[in-house]
Amino acid sequence: MGRRIRVLVGKPGLDGHDRGAKTIAAVLRDHGMEVIYTGLHQTPEMIAETALQEDVDVVGLSILSGAHMTLFPRVRAELEKRGLGHVLLTGGGIISKEDMQALEEHGYVQLFGPGTATDDIADWIREEMVKRWKNEEIPL
Amino acid sequence: MSETETAGTNSKRSPAPAGGMDPRLLWEQALAQAKLREANFSTLSGVPLEPLYGPDDVQLDYQRDLGYPGEYPFTRGVHPSMYRGRLWTMRQFAGFGSSKQTNERFKFLLEHGQTGLSTAFDFPTLMGYDSDHERSLGEVGQVGVAISSLMDMETLLEGIPMDRVSTSMTINGPAPILLAFYIAAGENQGVDPKLLRGTVQNDILKEYQAQNAWLVKCEPALRMITDVMEYCAQHVPKWNSISISGYHIREAGSTAAQELAFTLANGMEYVRRGIAVGMDVDAFAPRLSFFFDAHLDFFEEVAKFRAARRIWARKLRNEFGAKDPRSWMLRFHTQTAGVSLTAQQPENNIVRTALEAFSAVLGGTQSLHTNSMDETLALPTEKAAKIALRTQQIIAEETEAAHVIDPLAGSYFVESQTNRLEEEAEAYFLEIEKRGGVVSCIEQGYIQREIHHSALEYQLAVERKQKKVVGVNIHVEELDAAPEIELLRIDSEVERGQHERLAELRKKRDSSKAQAELDAVRDACRDGGNLLERFVAAAHANCTLGEIAEVLRQEFGEYEEPRII
């Protein structure tokens, strides 16, 4: 048995659309990951604090409020403040291609848009983590 | 991938029955031999479908179950003339950026033949925060218009005659505060509140269940709703004090039956609350209105609208003892299903929306919003919003479908789906009652869990290709990853502009008067005085949304969602 990937699924901001976040949380759990769901209306500080306390490998943010250009960088900054710069930050939502590219170019995240199969997200997370753990030479 | 050859139920029709053999048996045999596209066929909600419906599938007593339009149980419609008298209200939900920008969009839509206004607010407004609150950072004007004060509301409605236009406001937790801004804006325009027409969504129960924009705990939130019902019955008699909404329940992933059941269960809870504070059911029930989703399963949706009318009429008359026929009538607004739209090949969304809108019209809706094709990517551009409005106009003016009332009545299939949905809803009503009622079900997370399970099941069905979505899991085009359509962008200037307006408002107003009104709100929270009355006074004193909401949060406590995941 390999090490289990720990994922925090977060809903930052005032956005109440949690269908996607809950769906992805349930699917990642079915893929054998340990999933913590933050619940709604979280500030970037709250998400980073939970990530720290729960010692997660991955933070996935779901944002359908249009505030992604503000929230992704703020969560990234709060993670770094707590020495969690290594955490894999990803997410999805109603985010235009242009904004996705901008966020990805700034090195914040790999993002997933509407219509993405949940299995693809789970596979991507697993591959990324396997790569990272190999580099860290942590036994799998 | 998939065979397009269909096993038409009629294509293999046999010649005249030989030797008097039962025609149904002959058909069944022919069907059994046919090659079928799929092993199982089901509605969008996953309910199994028969290949053919006939008289044996429908138990119907015409007068008891259908009746005539404008008559109990209203299955066929709430008005005797339906669209022959007046078409449905074309009411496009709009709102983005500043109150000035949305005011311009409102005027644009009115100039193009829209007949009512519908306001979308941004998240800070929906959650009761001013635009300059720390939690509003990055969200101001993004998914709707930012309204923090009476001044913003007045800008929103500038040049729009409030006595002649009906306005819908999609807001819930802080709904009574926004309604107060609206009433006060009307008064400043010289319009008597008695002439104001419109709807405030004000449906907090479905917020806890699905849409998640709440302000305070359940019980005080319900008290504010009865305050609105009482105040409106007296002072704003043409206003719909609540729009009981299934839309968000469906969008959150429920089935059609769950949308129907949870919405009507919420509606019945509001009726109970109204009666419990001493109101006569006929004093407020005629001002309750509903709001449903129109999804892609055309027949299931038409059946849902018909079932909704019948169930509501039966409950109000038989269980709540309402005497006024207007109390029995379920009047509703419909919006096409945002969740059915795809970011892939977005132009296809025009077609999806047209089909959904058509089901709402054949289902007898009173008003309709059609989504724009670009809404899975951003808020709609002017062009996309206009196509959406034109879609309704084409249905109204070109299809000739609005001339006949409830045209699908009597269809074995539609009637059997109508009956089936009523039965499923009744089963949920029993379950909810068994669990101690709607509020208790929310606190246990029961309704949220039911919706979540349906959402998950549907997602997995799409991924297994049991449910097809063009552009997503069938007829996929590799090159469409970056759609080449224009998108609306919200300038960050909007947020800065709002900060300045609020600073100016706070400097200019009589601050001791504002404080006195906030204190009066606090007193009313404690002594049970009508809160809407206090909010109207606070609005005139230029208290902001966030200031009033903060008093409520302090007095009533913030709501915390139960964990279901």
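**How do you know? A walk through the model**

Visitor: How many cavities of 30 Å³ or more does the structure hold?

Guide: This predicted model holds 6 of them.

Visitor: What makes a space a cavity rather than a pocket?

Guide: A 1.4 Å probe fits in a cavity but cannot get out, whereas a pocket is open. The largest cavity here has about 110 Å³ of space.

Visitor: How do you know which residues line the largest cavity?

Guide: A lining residue has an atom within 4 Å of a cavity point, and 14 residues line this one. Nearest its centre lie A:Asp18, A:Lys22, B:Glu561, B:Pro562 and B:Ile564. By character, the lining divides into 7 nonpolar, 3 polar and 4 charged residues.

Visitor: Why is chain A called as compact as a globular protein of its length?

Guide: Set its radius of gyration, 14 Å, against the globule rule, which gives 14 Å for 140 residues; the two are close, so the chain is as compact as a globular protein of that length. Its C-alpha trace spans about 40 × 30 × 30 Å along the principal axes.

Visitor: What pattern does chain A follow along the sequence?

Guide: It reads β-α-β-α-β-α-β-α-β-α, with 5 helices and 5 strands.

Visitor: Why are S2 and S5 of chain A called edge strands?

Guide: The sheet is open, with the order S2-S1-S3-S4-S5 and parallel pairing. Strand S2 (34-37) and strand S5 (110-112) each pair on one side only, so they are the edges. From one strand to the next, the twist averages 20 degrees.

Visitor: How do you know that S4 and S5 of chain A pair?

Guide: Pairing needs at least two bridges, and S4 (residues 88-93) shares 3 with S5, so the two strands count as a pair. In one of the bridges, A:Gly91 has A:Leu111 as its partner. Helix H5 (residues 118-136) of chain A packs on this sheet, touching S3, S4 and S5, and its direction makes about 165 degrees with that of S4(A).

Visitor: What makes S8 and S9 of chain B a pair?

Guide: The same test applies: 5 bridges join S8 (residues 288-294) and S9 (residues 332-336) in the parallel sense, and at least two are needed. Across that pairing, B:Asp293 stands opposite B:Gln335. Helix H14 (residues 348-362) of chain B touches S8, S9 and strand S10 (367-369), at about 165 degrees to S9(B).

Visitor: Where do S8 and S9 sit in the sheet of chain B?

Guide: The order is S1-S10-S9-S8-S7, in an open sheet of 5 strands with parallel pairing. Strand S1 (89-90) and strand S7 (242-245) are its edges.

Notes. Residues numbered from 1 in each chain as written. Chains lettered and ligands numbered in written order. Predicted model: local features only at pLDDT ≥ 70, side-chain atom pairs only at ≥ 80, totals over all residues. Heavy atoms only, no water. 1 Å grid on protein atoms, 1.4 Å probe; cavity = no way out; pocket = protein on both sides within 12 Å on 5 of 7 lines; lining within 4 Å. Points joined across faces, edges and corners; volume = space filled by probe spheres on them. Nonpolar A, V, L, I, M, F, W, Y, C, P; charged D, E, K, R; others polar. Helix = DSSP H or I, 4+ residues; strand = E, 2+ residues; numbered from the N terminus. Contact = heavy atoms within 4.5 Å. Axes fitted to C-alpha atoms, helices over the stretch in contact; angles between N-to-C directions. Rg over C-alpha atoms; globule rule 2.2 N^0.38 Å.
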